[in-house]
Structures are given as C-alpha cells and as structure tokens.
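These are my notebook entries on a predicted model. I wanted to look up how its strands, helices and nonpolar core fit together.

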Amino acid sequence: MMNIEEFREYCLSFKGVEERMPFGKAASAYDCDLLVFSVCDKWFCFVNITVFDFCDIKCDPELAAELRDRYEGIRPGYHMNKRHWISVCFNQDVPDAEIREFVRRSYELVVASLPGKQKNALMVP
C-alpha cells in the first residue's frame, strides 16, 4: 500500500514539478493540509498530507466517466470541476499502479495544454 511519502516522491519525479501548500489559512483543517503538485503553475494533482485518503487529479472527461463506472474508489473531483477532475481514493478498489498511471496521465494532460515554449522546455531530450 502506498503512503504519502511514496506518493509525493512519485509526483515530484516528473520534470518541472513543484509542490506547495497554498491553503494554510483555509477555514477547514482538512484544506489547510492539502499539498498541491503543479507544473508551470498549473495543478495536476493534490492530496491531504495528514489524512492521505484520496488524491484529486485531472482527467479526460470521457475517461473520467468510464473510471467512475469501473471503480467505487473514483468519484467526481473534490472542490474541482467535476467534468475534468476525479478524486481517487487510496486503500479501496483502485490498485496503486493504476493510481500512479492516472497521476502520470494528469501530468501529461497539463503539459500538453502549456504554451509551446514551456512545453518544449519540459520535453525529454
């Protein structure tokens, strides 16, 4: 079973990824502990570092609908656009390998949406 440190290391393994905790002054203690992963200031994933119950990731809308039908542990994105984001629960019916794959796809979706110069800077030579 994946833990927060393994998950964090995986998210940071992608080129150009930065992490931050932007909600330190949120009213909710849960939201204060959200760790956001971004590339070129565009979010692709976030997770609560204390509870580590699920992550929110960007997802192609058609795939998101299919995944919600396939897994009990996938639901519309918490606090995000429900069409383009999914919440993926840890320690349910979604295997860790699948979660990693969804995070990778989320990163790639964000990179693909970047302007050419930023996208080219992230390309592996």
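Entry 1, the sheet. I began with the pairing of S1 and strand S2 (residues 34-39), which run antiparallel and are joined by 4 bridges. Within this part of the sheet I looked up Glu-19 and found that this residue stands opposite Phe-37 in S2. I then traced the whole sheet, which is open, has 6 strands in the order S1-S2-S3-S4-S6-S5, and shows antiparallel pairing. Strand S1 (17-20) and strand S5 (74-76) stand at the edges with a single partner strand each, so one side of each has no neighbour in the sheet. I also noted that neighbouring strands are turned against each other by 25° on average, with direction ignored.

Entry 2, helices on the sheet. Which strands does H1 touch where it packs on the sheet? I found that H1 touches S1, S2, strand S3 (42-48) and strand S4 (54-58), and that its direction makes about 175° with that of S3. H4 also packs on the sheet, where I listed its contacts as S1, S2, S3, S4, S5 and strand S6 (85-89); the direction of H4 makes about 35° with that of S4.

Entry 3, helix against helix. I next looked at helix H1 (residues 4-12) and helix H4 (residues 96-112), which pack at an angle of about 35° with their axes 10 Å apart. The crossing in which H1 passes H4 is right-handed. On the H1 side the contact is made by Phe-7, Tyr-10 and Cys-11, and on the H4 side by Ile-99, Arg-100, Val-103 and Arg-104. When I sorted the residues of this contact, I had 5 nonpolar and 2 charged, with no polar ones.

Entry 4, the core. As background, I kept in mind that nonpolar side chains tend to be buried together in soluble globular proteins. The largest nonpolar core here has 33 residues, and those with the most contacts inside it are Phe-7, Phe-37, Phe-44, Val-47, Cys-55, Val-88 and Ile-99. I found that H1, S2, S3, S4, helix H3 (61-70), S6 and H4 each supply at least two residues of this core, with the largest share, 6 residues, coming from H4. Another core, of 6 residues, lies apart from it, and I noted Val-36, Phe-46, Phe-54 and Cys-89 among its members.

Entry 5, Val-88. Which residues is Val-88 in contact with, leaving aside its neighbours within four places in sequence? My list holds Asp-53, Phe-54, Cys-55, Ile-57, Gly-73, Ile-74, Val-94, Ile-99 and Phe-102.

Methods:
Residues numbered from 1 in each chain as written. Predicted model: local features only at pLDDT ≥ 70, side-chain atom pairs only at ≥ 80, totals over all residues. Heavy atoms only, no water. Axes fitted to C-alpha atoms, helices over the stretch in contact; angles between N-to-C directions. Left-handed = near helix turned anticlockwise from the far one by under 90°. Contact = heavy atoms within 4.5 Å. Nonpolar A, V, L, I, M, F, W, Y, C, P; charged D, E, K, R; others polar. Pairing = 2+ DSSP bridges. Core = buried A, V, L, I, M, F, W, Y, C linked by side-chain atoms within 4.5 Å. Buried < 20%, exposed > 50% of the residue type's maximum accessible area, 1.4 Å probe, protein only.
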